[in-house]
Amino acid sequence: MANHELSEQEIVRRNSMNTMRERGIEPYPAAEYVVTGHTAEIKENFKDGEEPLREVSVAGRIMSRRIMGKASFMELQDADGRIQVYVSRDDICPGEDKEFYNVVFKKLLDIGDFIGVKGFVFRTQMGEITIHAQEITVLSKSLRPLPIVKFKDGKAYDAFTDPELRYRQRYVDLVVNPGVRDIFVKRNKMFNSMREYFNQHGYFEVETPVLQPIPGGASARPFITHHNALDIPLYLRIANELYLKRLIVGGFEGVYEFSRNFRNEGMDRTHNPEFTCMEIYVAYKDYNWMMKFTETMLEKICMDVNGTTKIQVGDNEIDFKAPYRRITMTDAILEKTGFDITGKSEEELRAFCRQAGIETDPSMGKGKLIDEIFGEKCEGTYIQPTFIIDYPIEMSPLTKRHRNNPELTERFELMVNGKELANAYSELNDPIDQYERFVDQMRLADKGDDEAMIIDGDFIRALEYGMPPTSGMGIGMDRLAMLLTGQTAIQEVLLFPQMRPEKKQQQKENEETAEE
């Protein structure tokens, strides 16, 4: 049953579906259809003059048709690409009964329908590798017409390019827009390359809870839900850091997880409330080791995905060839603003923000103020991969104090194309220091900072059993995918980005609410 007013084309397609059934052809058959070849492989392996001609069975969508009396051409699209199919009435309808070709193929099949084709591969006089159909099977009827890109004077028009529609109807986007699928093929290669790198080093992939009693491991606003059986609030994880560290306490020397995280915050071209982060923790290492590990890993991933360390994002060519520049946060702010944050009080930092036109609010402590200064004046200027190191202690409640300066921490963030890509620490493993840092966070919460961390008593208890010196690193997989595919919007690398309700649905809900 349709949940919208049917267009004329949709009515015609539904009538075609019913007519198929009346003629004994099931438009949605349940039986397996055996596929013996895919378009790209068929074209790649075709050899002129080879005898006998290769017989294949393929399946996919009809993407175009040219019907010419007793013979026709159509273009079939599968997961690998498109291939031309030649259909002769006398070949697919041997004998006297020509009904399948004259009625089903010519009148009842539409662009977008799934069919199976059995036949042999040959090259036409025009030089195009083609399948000569000997049998056609209806596999699935398409009840909505696909948006078909039309061309005039070499220019495309009526294309399916509206981002609102593309992200909301990704299933259509993948069908009609060449290149979209390639983005997600590269994303998959990126994950496989990173996983291979970790496994080669002997590190162990794990899974940790998505529903957590305390939102920990990062400073962010969580999503809150309720567990009915336990009658307790639970939080969708904002990070998996504290659970992975518990595993280091438990004896693992290297663990990692590709973590689906959730943050109840804004949405823009680089933020989605649901995103993927990889976090890895390695015992007996520090942040200096992790910097080398990270840049070597990224160089490898670039080569695996694109065959080069250089990528083009907009006007910027970015080179992931190791090593990367290193600069302290203090020096970065001094370099970009002329302001030295060393030893500055909260009041002095707030005064500079006012002078520099940086918005603040009373809930911000020193750490947040420094973060705002860096974000506004520095972050966007680092295009080539750059490690920003040695963060002030107020910004890093989970990080070990710097071995040479107790006012700083052993932390780095990797900036690429003006955005943070990775965040890493020499992990804080002193339980007393960690507890005091949590207490400081709670004071910020009392001032109104709704992103401040909550004291995790079980994590403190785990540290009291002893955690070896450890380095940890988190990397935003969606942002890395953006870089490796040259995209400037995170929605382009998420199969199903978060969207507002459709206007018609929103209007209906508003009307129902008004009636109540």
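A residue counts as buried when its relative accessible area is under 20%. That cut-off applies at several stops of this tour, which runs through a predicted model.

**The whole chain.** Begin with the full chain in cartoon view, where 16 helices and 20 strands can be traced. Along the principal axes, the C-alpha atoms fill a box of roughly 95 × 65 × 50 Å. Of the 516 residues, 47% count as buried. Among contacts with a separation of 6 or more, 65% join residues 24 or more positions apart. Switching to a surface representation shows about 26,500 Å² exposed, 49% of it supplied by carbon and sulfur atoms. Colouring by charge then brings out 66 positive and 86 negative side chains, two sets whose centres lie 4 Å apart.

**The largest nonpolar core.** Next, select Met194, Met278, Ile280, Phe320, Met473 and Ile475; within a core of 47 residues, these touch the most other members. Helix α9 (residues 287–306) contributes nine residues, the largest share of this core. Centre the view on Ile475: leaving aside residues up to four places away in sequence, its contacts include Met194, Thr276, Cys277, Met278, Met297 and Leu298. Leu421, Ala422 and Leu480 are also touched by Ile475. Another core, of 28 residues, lies apart from the largest one; Ile25, Val56, Ile62 and Val103 are among its members.

**Aromatic pairs.** The whole structure holds 17 aromatic pairs. Select Phe198 and Phe293, a stacked pair with 6.0 Å from centre to centre and 10° between the planes. Phe198 belongs to helix α7 (residues 180–200) and Phe293 to helix α9, so this pair ties together parts that are 95 residues apart in sequence. Phe198 has 0% relative accessibility and therefore counts as buried; Phe293, with a relative accessible area of 4%, is buried as well.

Move on to Phe339 and Phe352. Their ring centres are 4.1 Å apart and their planes are at 5°, so this pair too is stacked. Phe339 sits in the loop between α10 (329–337) and α11 (346–356), and Phe352 in helix α11; the pair therefore ties together parts that are 13 residues apart in sequence. By the cut-off given at the start, both Phe339 and Phe352 are buried.

**The aromatic cluster.** For the last stop, return to Phe198 and Phe293 and extend the selection to Phe191, Tyr197, Tyr203, Tyr256, Phe258 and Trp289, which together with those two residues form one aromatic cluster.

Key: Residues are numbered from 1 along each chain as its sequence is written. This is a predicted model: local features need pLDDT of at least 70, side-chain atom pairs count only at pLDDT 80 or more; totals for chains, interfaces and linings use all residues. Side-chain values use heavy atoms; hydrogens and water are left out. Helices (H or I, at least four residues) and strands (E, at least two) are DSSP runs, numbered from the N terminus. Buried means under 20% relative accessible area, exposed over 50%, partly exposed in between (1.4 Å probe, protein chains only). Contact means heavy atoms within 4.5 Å. Accessible areas come from the Shrake-Rupley method with a 1.4 Å probe; for residues, only the protein chains shown count as cover. Lys and Arg count as positive and Asp and Glu as negative; His and the chain ends are not counted. The place of a charge is taken as NZ of Lys, CZ of Arg, CG of Asp or CD of Glu. A nonpolar core is a set of buried Ala, Val, Leu, Ile, Met, Phe, Trp, Tyr and Cys residues joined through side-chain atoms within 4.5 Å. Rings of Phe, Tyr and Trp (its six-membered ring) pair if their centres lie within 6.5 Å; planes under 30 degrees apart count as stacked, over 60 as edge-to-face and the rest as tilted.
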